[in-house]
Amino acid sequence: MSQAAPAEDPLSAETGHAYDAATNVVDTSGLLEELGLSADSLVQEIGVDDDVDDGFRDALEDLLDDPLIDEDDDEVVDAVLLWFRDGDGDLTDALVDSLTTLDTGGVVWLLTPRSGRDGYVPPVEIQDAAPNAGLHVTSSAGVCADWAAARLMPRK
């Protein structure tokens with residue numbers, strides 16, 4: 001009995017964009033859609049350090065009309081990318097701080113090291129911290145090989 005050949009370009013169930021099945025990371029052409037953003041979205045980054053995924057950051061910036069906004073800027077934004085690792089402090093406090101410049105209807109993308117990586121944050125910690133910050137986890141996205149992305153939205 002013959003087995004079917006694996007698909008050469010598997011598609012994301014949510015977006016229909018190609019992704020790498022081994023890492024579950026979407027092709028960069030579908031990055032904005034995977035994150036629910038558009039080219040004119042204003043995106044702020046918090047928690048950037050030398051361990052972040054520069055390939056992801058560069059690909060995202062290439063697709064956005066404006067560069068990523070630094071965490072020290074107080075411009076109102078459509079989305080926040082919060083890079084957070086175990087040992088960075090209190091996750092609830094970091095989530096609350098991420099809401100400071102977030103526009104109504106905006107989204108926080110919490111990026112944490114994947115399981116087995118230094119700084120890994122267990123999902124239960126995210127599930128515990130989010131409601132305390134007035135947020136809830138709605139989905140995840142495959143955007144980086146080494147970082148997990150959780151979508152958090154303010155409670156209504």
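Q: A salt bridge is a side-chain nitrogen of Lys or Arg within 4 Å of a carboxyl oxygen of Asp or Glu; how many salt bridges does a search of the whole structure find?
A: This is a predicted model, in which local features need pLDDT of at least 70 and side-chain atom pairs count only at pLDDT 80 or more, while totals for chains, interfaces and linings use all residues. Residues are numbered from 1 along each chain as its sequence is written, and side-chain values use heavy atoms, with hydrogens and water left out. The number of salt bridges found in the whole structure is five.

Q: With which residue does D54 form a salt bridge?
A: D54 and its partner both lie in helix α2, three residues apart, about one turn of the helix. Helices (H or I, at least four residues) and strands (E, at least two) are DSSP runs, numbered from the N terminus. The closest N and O atoms are 3.3 Å apart, and the partner of D54 is R57.

Q: Is E45 buried or exposed?
A: E45 in strand β3 and R57 in helix α2 are 12 residues apart. Buried means under 20% relative accessible area, exposed over 50%, and partly exposed in between (1.4 Å probe, protein chains only). The relative accessible area of E45 is 4%, so E45 is buried.

Q: Which residues do salt bridges that share partners join into one network?
A: D88 and R85 form a salt bridge with 2.7 Å from N to O. E45 also has its closest N and O atoms 2.7 Å from those of R57. Through shared partners, the network joins E45, D54 and R57.

Q: In the largest nonpolar core, which residues touch the most other members?
A: A nonpolar core is a set of buried Ala, Val, Leu, Ile, Met, Phe, Trp, Tyr and Cys residues joined through side-chain atoms within 4.5 Å. The largest one has 23 residues, and α1, α2, β4, β5 and β7 each supply at least two of them. The members touching the most others are L35, F56, L60, L81, L111 and V143.

Q: Which strands stand at the edges of the sheet?
A: Two strands pair if DSSP finds at least two bridges between them. Five strands form an open, mixed sheet in the order β3-β4-β5-β7-β6. Each edge strand has a single partner, so one side of it is left without a neighbour in the sheet; these strands are β3 and β6.

Q: What angle does the direction of α2 make with that of β4?
A: Axes are lines fitted to C-alpha atoms, for helices over the stretch in contact, and angles run from 0 to 180 degrees between N-to-C directions. In the sheet on which α2 packs, β5 and β7 pair in the antiparallel sense over six bridges. α2 touches β3, β4 and β5, and its direction makes with that of β4 an angle of about 170°.

Q: What arc do the buried residues of α4 cover around the axis?
A: The buried residues of α4 are I126, A129 and A130. The arc is that of the directions from the helix axis to the C-beta atoms. These three residues are on the same side of α4 because they cover an arc of only 105°.

Q: Which residues does T92 touch, not counting residues up to four places away in sequence?
A: T92 lies in helix α3 and counts as buried because its relative accessibility is 17%. Contact means heavy atoms within 4.5 Å. The residues that T92 touches are A129, N132 and A133.
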